[in-house]
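Reader: I'm new to this structure and would like to get to know one part of it really well. Could you choose a part, look at it closely, and show me how it fits with its surroundings?

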Amino acid sequence: MSPLSKVDSDEAGCKRSIVDDLCGGGLPVDEDRHFPKDDFIDRLTGAQYFLHRHLSAEVGDTTHIHIFKRWSSEQTRAVGLDSTITHLAALALDAKGQPDHWFVVNQWVVGDYWLSADETVDLFRGWAFSKGSNLKNPRYRYWHEWLANLVAANLDQTIHGLLRQRDQILDRMVDANPGVNVLEDRSIEVICHSGGWERGRTLHA
Ligand SMILES: [Zn+2]
């Protein structure tokens with residue numbers, strides 16, 4: 001059983017998906033529409049995520065969750081940033097709103113503070129929402145834990161592997177395109193993924 005199928009079963013017996021709970025099942029095809037509107041952000045732990053759906057030139061119509069962490073360090077404060085944000089990966093959902101696969105994207109897609117695969121995995125260890133936070137809808141706590149469990153179960157193998165693959169692909173592209181900032185190259189959107197569409201094939205390898 002894969003880590004995805006192991007943790008996506010709903011122990012509470014609830015048949016609703018995260019898509020149902022965040023947008024009533026009617027999710028528009030519009031990348032600028034985040035669900036929830038201002039993202040879920042935990043100021044204490046730095047955990048952040050949102051759901052959206054859009055048409056991508058590379059992968060077509062895709063519904064997915066972008067997972068971030070807000071953080072700061074002496075280094076970031078030294079350059080005038082109170083806090084910054086790093087993207088872990090996106091979790092693509094199937095037509096029923098169930099986890100399907102992971103994918104990682106180029107920097108311009110999320111505009112984040114870029115870290116290496118190893119640094120990213122270290123940053124997201126223990127990624128979770130704090131229990132005490134006020135929630136507009138008590139069901140949100142369920143989805144926070146559901147996503148934290150998925151991240152924890154997939155971080156060291158699937159996600160770390162994808163991020164390492166991302167770094168290797170980008171290194172090769174940098175070598176092959178001197179003087180070009182590949183992190184800003186709009187023709188490179190999804191760098192690699194763990195399956196789903198054209199399962200097993202790596203884009204831009
Ligand atoms: Zn997206």
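Author: Happy to, and one definition will help us from the start: a residue counts as buried here if 20 or more other C-beta atoms lie within 10 Å of its own. Please also keep in mind that this is a predicted model. The part I'd pick is helix α6, and by that definition its buried residues are W143, H144, L147, L150, V151, N154, L155, I159, L162, L163 and R166. An α-helix has 3.6 residues a turn, so residues three or four places apart point the same way. You can try that idea on the list by finding L147, V151 and L155 in it.

First, let's place the helix in the whole. The protein has 6 helices and 6 strands, and from the N terminus they follow one another as α-α-β-β-β-α-β-β-α-α-α-β. Our helix covers residues 139–176. Of the protein's 205 residues, 28% count as buried.

Now follow α6 along its length. A straight helix of 38 residues would span 56 Å at 1.5 Å a residue, yet the end C-alpha atoms of α6 are only 48 Å apart. Look for a bend as you go: α6 has a kink of about 80°, centred on L155. L155 is also one of the buried residues of the helix.

What does the helix lie against? It lies across β1, β2, β3, β4, β5 and β6, and runs at about 45° to β5. Those 6 strands make an open sheet in the order β1-β2-β3-β4-β5-β6, with antiparallel pairing. At the edges are β1 and β6, each of which pairs on one side only. From one strand to the next, the twist averages 35°. Strands of a sheet pair through backbone hydrogen bonds, either parallel or antiparallel.

Let's walk across that sheet from β1. β1 and β2 run antiparallel and are joined by 3 bridges, one of the matches being F40 with Y49 in β2. These two strands form a hairpin with 5 residues between them, and G46 in its turn has a positive phi of about 85°. Next, β2 pairs with β3 in the antiparallel sense over 10 bridges. Here H52 stands opposite H64, while L51 has I65 as its bridge partner in β3. This is a hairpin too, with 3 residues between the strands. From β3 to β4 there are 9 bridges, again between strands that run antiparallel, and T63 faces L93 in β4. At the far end of the walk, β5 and β6 pair antiparallel over 3 bridges, with V105 opposite V190 in β6.

With the sheet and the helix both in view, we can turn to what they build together. In soluble globular proteins, nonpolar side chains tend to be buried together. The largest nonpolar core in this protein has 37 residues, and I67, A89, A90, L91, F103, V104 and V151 have the most contacts inside it. At least two residues come from each of α2, β1, β2, β3, β4, β5, α6 and β6. The biggest contribution is from our helix: α6 gives 8 residues to this core.

To see one meeting point in detail, start from the sheet side with I67, which is found in strand β3. Why is I67 classed as buried? I67 has 23 other C-beta atoms within 10 Å, so it passes the mark of 20. Leaving aside neighbours within four places in sequence, I67 is in contact with Y49, L88, A89, L91 and V151. V151 takes us straight back to the helix, where it is one of the buried residues. Another pair to find is I67 and A148: they are 81 residues apart in sequence, but their C-alpha atoms are 9.9 Å apart in space. Across the protein, 62% of the contacts between residues at least 6 apart in sequence join residues at least 24 apart.

So here is a picture to keep: α6 lies across β1 to β6, has its kink centred on L155, and gives the most residues to the largest nonpolar core.

Definitions and conventions
Residues are numbered from 1 along each chain as its sequence is written. This is a predicted model: local features need pLDDT of at least 70, side-chain atom pairs count only at pLDDT 80 or more; totals for chains, interfaces and linings use all residues. Helices (H or I, at least four residues) and strands (E, at least two) are DSSP runs, numbered from the N terminus. A residue is buried if 20 or more other C-beta atoms lie within 10 Å of its own, exposed if 12 or fewer, and partly exposed in between; C-beta atoms are placed from the backbone. Two residues are in contact if their C-beta atoms, placed from the backbone, lie within 7 Å. A nonpolar core is a set of buried Ala, Val, Leu, Ile, Met, Phe, Trp, Tyr and Cys residues joined through C-beta atoms within 7 Å. Two strands pair if DSSP finds at least two bridges between them. Axes are lines fitted to C-alpha atoms, for helices over the stretch in contact, and angles run from 0 to 180 degrees between N-to-C directions. The expected span of a helix is 1.5 Å times one less than its number of residues. The bend at a residue is the angle between axes fitted to the seven residues ending there and the seven starting there.
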